[in-house]
Amino acid sequence: MTESGAGGTAPYPDAARARLVTSYEACELADLARAAVPIGEHELHPDGTTRTPGAVLAHAARVLAAAQRFLEAAAVFERAGGADWQLIGAVLDMSPHTAQMRFATPEAAFRKELHAPESTHPGHTADEMTSLRAHMTREPLETALDLDDWVLRHVDGNDDLGTAPVSGGLTREHPQQHTDKPP
């Protein structure tokens with residue numbers, strides 16, 4: 001699905017694309033954390049010890065890694081939206097230099113993903129995420145609509161998020177009007 005209808009990507013600002021990646025990372029984190037809440041019927045021995053040593057810890061490590069990706073995506077979004085390293089450092093209670101050292105690489109990776117060809121990184125697990133993120137940045141509306149569905153499936157009843165809780169907030173750049181059009 002290409003969003004311009006003519007084979008190109010609709011004009012979304014980099015910050016909107018970065019916010020969408022942040023939404024995706026939050027969705028992944030929420031799903032991982034939610035999966036850790038139930039205690040499986042056969043997870044514990046009668047004495048309360050685990051039947052699968054290390055399984056809960058391994059899951060917690062995956063949640064922590066997802067939280068780190070969410071934090072990185074949020075920092076990249078803030079940078080794409082105009083925040084300087086001073087603000088990011090202040091929010092995270094670290095020096096601007098430390099913030100830059102921590103988040104410059106994810107920011108550069110995001111900027112690279114904006115311009116990566118569709119066929120980049122086929123077939124490798126580590127590269128699948130890069131390819132997925134590159135796809136999200138190229139096809140933001142498609143991703144936003146998927147996230148709309150996810151949010152609406154997880155509404156707590158009192159939330160009035162409307163029918164487009166993600167895609168409704170996805171802003172587009174306004175094409176500049178050309179004055180050299182024929183009358």
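The following exchange covers salt bridges and helix packing in a predicted model.

Biologist: What ground rules apply to the numbering and the values?

Modeller: Residues count from 1 along each chain as its sequence is written, and side-chain values use heavy atoms, with hydrogens and water left out. The model is predicted: local features need pLDDT of at least 70, side-chain atom pairs count only at pLDDT 80 or more, and totals for chains, interfaces and linings use all residues.

Biologist: How many salt bridges does a search of the whole structure find?

Modeller: A salt bridge needs a side-chain nitrogen of Lys or Arg within 4 Å of a carboxyl oxygen of Asp or Glu. Searching the whole structure under that rule gives six.

Biologist: Which residue forms a salt bridge with arginine 69, and is that partner buried or exposed?

Modeller: Arginine 69 pairs with glutamate 25 at 3.5 Å, N to O. The two sit 44 residues apart, arginine 69 in α2 (residues 55-80) and glutamate 25 in α1 (residues 14-35). Helices here are DSSP runs of H or I, at least four residues, numbered from the N terminus; strands are E runs of at least two. Buried means under 20% relative accessible area, exposed over 50%, partly exposed in between, with a 1.4 Å probe and protein chains only, so glutamate 25 at 0% is buried.

Biologist: And how accessible is arginine 69?

Modeller: Arginine 69 falls between the two cut-offs, so it counts as partly exposed, at 27%.

Biologist: Which residue in α2 pairs with arginine 102 of α4?

Modeller: The closest N and O atoms of this salt bridge are 2.9 Å apart. Arginine 102 lies in α4 (residues 96-114), 30 residues from its partner in α2. Arginine 102 has 26% relative accessible area and is partly exposed. The partner is partly exposed at 24%: glutamate 72.

Biologist: Which salt-bridge partner of arginine 79 is there, and is it buried or exposed?

Modeller: The partner is glutamate 107, at 3.2 Å, N to O. Glutamate 107 in α4 and arginine 79 in α2 are 28 residues apart. Arginine 79 has 21% relative accessibility, so it is partly exposed. Glutamate 107 has 11%, so it is buried.

Biologist: Which residues are linked with Arg79 in a network of salt bridges?

Modeller: Glu107 belongs to the network. The other members joined with Arg79 are Asp14 and Arg111.

Biologist: How are α1 and α2 oriented to each other?

Modeller: Axes are lines fitted to C-alpha atoms, for helices over the stretch in contact, and angles run from 0 to 180 degrees between N-to-C directions. The axes come within 8 Å and cross at roughly 165 degrees. Angles under 35 degrees count as roughly parallel, over 145 as roughly antiparallel, 65 to 115 as roughly perpendicular and the rest as oblique. So α1 and α2 are roughly antiparallel.

Biologist: How many nonpolar residues are in the contact of α1 with α2?

Modeller: Contact means heavy atoms within 4.5 Å. Residues that meet include Leu29 and Leu32 in α1, and Phe70 and Phe77 in α2. Ala, Val, Leu, Ile, Met, Phe, Trp, Tyr, Cys and Pro count as nonpolar, Asp, Glu, Lys and Arg as charged, and the others, Gly among them, as polar. The contact has two polar, five charged and 17 nonpolar residues.

Biologist: How are α1 and α4 oriented?

Modeller: Their axes are 11 Å apart, at an angle of about 110 degrees. α1 and α4 are therefore roughly perpendicular.
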